[in-house]
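Got the viewer open? Keep a selection box handy, and we'll hop from spot to spot.

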Amino acid sequence: MKPGSSFTKKDMDGQHKIKWTLYISLASMFIFVSVTEVGPFSSVKKLYFSYEPDQLHKYVIVFDGGSTGTRIHIFTFVNNSSSGRLALEDEYFEEVKPGLSNYAHKPQNAANSVLHLLDKAKAVIPPSRWEETPVALRATAGLRLLPSTLSDNILDAISEAFKNSPFLTDEESVAILDGEDEGLYAWYTLNFLLGRLNEASHSVVSLDLGGGSTQVTFTPVELDSFVHSPKDYIVLKRIQNKTMPVYTHSYLGLGLMAARVAILHISSENSVLIKNDETKFRSSCIHPHTKHTWKHDMRDYIVKGRKDEKYGFKECFDKAVEFLGNSVNKPEELRRREIYALSYYFDRAHDLGIIDQESGRTTVGEIINACKNACSEKKPKEPFLCLDCSYISAVLHHGLGLHERKEIKLAKRIDGIETSWGLGAAFNMLR
């Protein structure tokens, strides 16, 4: 306090009371005007059912129809004989490529790729349990980005294939997953596996980076988050028998593969359309001595380095920042919360050599420095590694406003279970 100031501790206490009165008023207003339905999650306690003594296991099949591949999650829940409750026991996971959106004009081929995985479920689940085992497919950003006529044809073909399977289906078994639900399910999976669902302040932030979209989800506990967040980013959800506000937003078009295409465009000397399904780029994000053909969403992208050999982290990072602009909200609270980064965040950190286990920790600065090294190699390990890590660096540092010292935890699996939205969706199916 400056000499002569008349500002007293009593004044400070008064401001503190005013602040929290404002907080309570805003929270009350928020609860009044927000989404009031309970969901998509039930309390974990409500996920438990009573079964006959010989029925020890229950199974759930969840298909993740991502933009780069389709994954099957077969979850096994075991009945606890003493409590009569179900607990997660195991997960079977497998993936096939390409993603469903690559079959835009061949919907039956999309269905066949799913049926190939569904055959795996027949080997995992006892035949006596097939008729009572629910199966669901949720497609994500790849199909969200397609015209509805094309995506509907794919979903209809898969739905018909499901009806002819021995597993339990209904009219809602096949659908496009809402971006908000994708973020919520991933957040729920992560915090469930960490045992962090009991208190909002103990839960962790989930950053999920897919091919076509990216999600940011957490339970806000600071006044600033309620005051400054866009109003539709915070919703009320019923979790662990408690109704709590959840900040969640899905940025469609900011997934890693979608960003690749955009950054190739803006970082190139020029882009040349060779054919209707083939484009050539000379990008500052691609090593000067690289020539690579990338197949994505029914197109071939021929990528090369620039003729002027302009290349490196700064050039690519700047283009990634240009692409992002101010499209990503920067919650101040993230700077003080524990953050887990999933999916492509983990994969590219592994490619950079930052992490070699199924989970670990790093900092934003370590990611940036590792990316600088990757962009300066004479012989790059992968043609897109410099572009991808530059984009991830830009999302974390510029997009979300995280300081280079901010610690980030990375996780592919926790206790052998995939840290994807699949488990959250399975819990929702067990309501």
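Start by selecting F427: in this predicted model its relative accessible area is 5%, under the 20% cut-off, so F427 counts as buried. Now add F192, which is partly exposed at a relative accessible area of 23%. Show both side chains as sticks. The ring centres of F192 and F427 sit 4.6 Å apart with their planes at 70°, which makes the pair edge-to-face. Colour helix α5 (residues 179–194), home of F192, and helix α12 (residues 422–429), home of F427; the pair therefore ties together parts 235 residues apart in sequence.

Keep those two on screen and add F77 and Y188: ring pairs link F77, Y188, F192 and F427 into a cluster.

Next, select F218 and Y247. Are they buried or exposed? Both F218 and Y247 are buried. Their ring centres are 4.6 Å apart and their planes are at 25°, so this pair is stacked. F218 belongs to strand β7 (residues 213–218) and Y247 to strand β9 (residues 242–252), so the pair joins parts 29 residues apart in sequence.

Last stop: helices. Select α9 (residues 344–351) and α11 (residues 385–399), whose axes come within 10 Å and cross at roughly 125°. That angle makes α9 and α11 oblique to each other, and their crossing is left-handed. Which residues make the contact? On α9, pick Y344, Y345, R348 and D351; on α11, pick L385, D388, I392, V395 and L396. Colour the contact residues of α9 and α11 by type and you get six nonpolar, three charged and no polar.

Key. Residues numbered from 1 in each chain as written. Predicted model: local features only at pLDDT ≥ 70, side-chain atom pairs only at ≥ 80, totals over all residues. Heavy atoms only, no water. Axes fitted to C-alpha atoms, helices over the stretch in contact; angles between N-to-C directions. Helix = DSSP H or I, 4+ residues; strand = E, 2+ residues; numbered from the N terminus. Parallel < 35°, antiparallel > 145°, perpendicular 65-115°, else oblique. Left-handed = near helix turned anticlockwise from the far one by under 90°. Contact = heavy atoms within 4.5 Å. Nonpolar A, V, L, I, M, F, W, Y, C, P; charged D, E, K, R; others polar. Phe/Tyr/Trp six-rings, centres within 6.5 Å; stacked < 30°, edge-to-face > 60°. Buried < 20%, exposed > 50% of the residue type's maximum accessible area, 1.4 Å probe, protein only.
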